[in-house]
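The following exercises concern helix packing, nonpolar cores and burial. Please attempt each task before reading its solution.

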Amino acid sequence: MDLSPVLDGFGVVLEPTNLLYCLIGVVIGMLIGVLPGLGPAATIAILLPVTFGIEPVTAIIMLAGIFYGAQYGGTITSVLLRLPGEASSVVTVFDGHAMARQGRAGTALGIAAIGSFVGGTVSIVALSLLAPVVAGFALDFGPPEYTALALLGILLVATVSSGNRQKAVIAACVGLLLATVGRDGFTAAERFTFDNLSLADGLDFVPIAMGLFGLGEILYNLEERHRAVQAPVAVTNVWPSRADLRQSSGAIGRGSVLGFLLGILPGGGATLSSLAAYALEKRRAKDPARFGRGAVEGVAAPESANNAAATSSFIPLLTLGIPANATMAVIFGALLIQDVTPGPQLVTEEPELFWGVVNSMYLGNILLLVMSIPLVGLFVRILRVRATILAPITVLITLVGVYTVNNDVFDIVLVIVFGALGYLMRKLGFDPGPLVLAFVLGSLLEDSLRRSLLIFDGDPTGFLTRPISGTLFAAFLVVALLPPVRAALARRRTPNPTNRTKEHL
């Protein structure tokens with residue numbers, strides 16, 4: 001491998017202008033991640049006019065910093081306020097907020113920052129070394145592979161739930177149903193729109209997530225506050241202890257590798273990566289019941305995975321011209337505006353741009369770690385604010401953030417509706433997480449499944465004839481059959497009380 005383009009890329013990054021824009025991108029990313037509802041895709045779209053007057057490599061360095069900086073910013077609200085700013089932060093809510101309620105908010109945010117740094121750095125190194133090989137592998141993914149991947153992800157939804165498995169499946173089915181709202185992508189027929197034009201394009205993730213996790217949680221907590229006096233949150237140390245680091249080191253390593261692998265697949269992305277990393281850690285744990293109640297691995301694994309995936313998603317964009325997610329699609333547009341065409345020739349024809357963007361991520365991750373750890377104490381202070389003050393502020397931030405995405409009052413109505421639904425779900429013992437995660441994966445599943453059946457002329461056995469989709473379906477069966485098999489083995493090992501009584505007599 002010729003290292004001269006890589007070294008030239010470091011020279012590009014170290015130019016004062018590019019250093020400044022890298023810092024600006026990371027800071028903006030953290031800030032918009034903290035603000036619920038305003039994600040990196042919307043922010044990058046808003047900033048596209050700003051990129052007209054600057055160099056292409058400088059513009060993409062700034063936009064990339066916004067993207068991976070927002071992954072950690074979304075963690076802050078997930079841990080402190082139970083408000084995931086991004087779909088990839090939904091899983092962090094389960095254990096991150098539980099740790100905050102136990103007075104370990106600083107530990108959760110510190111572990112998240114370290115996991116984000118390690119995951120991003122591992123992914124950057126792998127991106128630099130394996131981009132050509134990985135890009136070739138990603139070309140083999142078609143609709144059948146995406147179908148199997150989405151099915152596997154939805155099956156794992158029940159695994160990540162901290163509540164009853166049956167209720168998690170019901171919530172996931174509701175999420176899949178919500179994903180069908182809007183115009184049919186193949187026939188343009190309207191489904192479940194009730195002649196409402198605002199529903200014609202389907203439901204957005206932001207109003208659903210902000211309603212279920214934002215308003216719903218606030219209403220539920222305000223009611224619970226009158227039933228029992230909640231002890232104030234005690235913050236003893238914002239730095240993770242050695243025991244926490246040892247306990248989370250394996251999860252960080254596994255999440256980084258898994259996030260990198262899933263992030264390079266168009267359609268996989270940070271959401272599926274964080275979901276899969278969390279499910280993996282829960283299945284490996286000796287005591288899975290810890291998860292959802294403040295397990296540090298439940299924060300370390302998804303945070304490492306979503307940052308690794310955010311970085312590796314640049315591989316299909318820069319080397320194949322395939323945006324892996326909505327944010328990558330916006331960055332793709334920014335490249336086209338700059339008269340740069342992403343694709344296989346970009347590495348050879350625009351080496352300064354390619355390696356400049358890649359190498360800027362090393363610096364960006366260092367800046368992210370340096371800024372986030374010292375500021376953890378500032379973020380933790382949010383928990384000291386009284387609920388009577390924090391709840392109205394949270395509601396206001398949620399509604400304003402949701403409105404700014406599309407400038408549509410209907411989104412505020414949706415937040416209120418899903419807030420009421422989230423409150424009822426909490427009252428009835430349903431975890432809203434599976435609903436949101438199934439909603440995110442539902443569109444990918446439907447589109448890929450229908451395209452696959454067109455390819456196979458309606459023959460479902462065609463999925464098994466392709467190596468990758470066949471392997472993924474085999475993994476699906478293993479994951480689906482593992483719980484009943486484990487339950488059957490547990491019943492066998494447990495002695496029957498009736499038989500023991502007979503033997504005694």
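Axes are lines fitted to C-alpha atoms, for helices over the stretch in contact, and angles run from 0 to 180 degrees between N-to-C directions. The model examined here is predicted.

**Exercise 1.** Determine how the axes of helices α5 and α12 cross, and which residues make the contact.

*Solution.* Step 1: the axes of α5 (residues 90-101) and α12 (residues 297-312) come within 8 Å, and they cross at roughly 145 degrees. Step 2: the crossing of these two helices is left-handed. Step 3: α5 contributes V91, T92, D95, G96 and M99 to the contact, while α12 contributes G298, V299, P302 and E303. Step 4: by class, the residues of this contact are four nonpolar, three polar and two charged.

**Exercise 2.** Identify the members of the largest nonpolar core that touch the most other members, and the helix that gives the most to this core.

*Solution.* Step 1: the largest nonpolar core has 67 residues, of which I60, L63, Y72, L80, F314, I331 and L353 touch the most other members. Step 2: helix α4 (residues 56-81) gives the most to this core, namely 16 residues. Step 3: residues up to four places away in sequence being left out, L353 touches P56, V57, L335, V340 and L346. Step 4: a second, separate core holds 51 residues, among them V181, I208, M210 and M425.

**Exercise 3.** Is T193 buried or exposed?

*Solution.* Step 1: T193 is located in the loop between β2 (190-191) and α9 (205-227). Step 2: the relative accessible area of T193 is 3%. Step 3: buried means under 20%, so T193 is buried. Step 4: apart from neighbours within four places in sequence, T193 is in contact with G182, L199 and A200.

How values were computed. Residues are numbered from 1 along each chain as its sequence is written. This is a predicted model: local features need pLDDT of at least 70, side-chain atom pairs count only at pLDDT 80 or more; totals for chains, interfaces and linings use all residues. Side-chain values use heavy atoms; hydrogens and water are left out. Helices (H or I, at least four residues) and strands (E, at least two) are DSSP runs, numbered from the N terminus. A crossing is left-handed if the near helix is turned anticlockwise from the far one by less than a right angle, and right-handed if clockwise. Contact means heavy atoms within 4.5 Å. Ala, Val, Leu, Ile, Met, Phe, Trp, Tyr, Cys and Pro count as nonpolar, Asp, Glu, Lys and Arg as charged, and the others, Gly among them, as polar. A nonpolar core is a set of buried Ala, Val, Leu, Ile, Met, Phe, Trp, Tyr and Cys residues joined through side-chain atoms within 4.5 Å. Buried means under 20% relative accessible area, exposed over 50%, partly exposed in between (1.4 Å probe, protein chains only).
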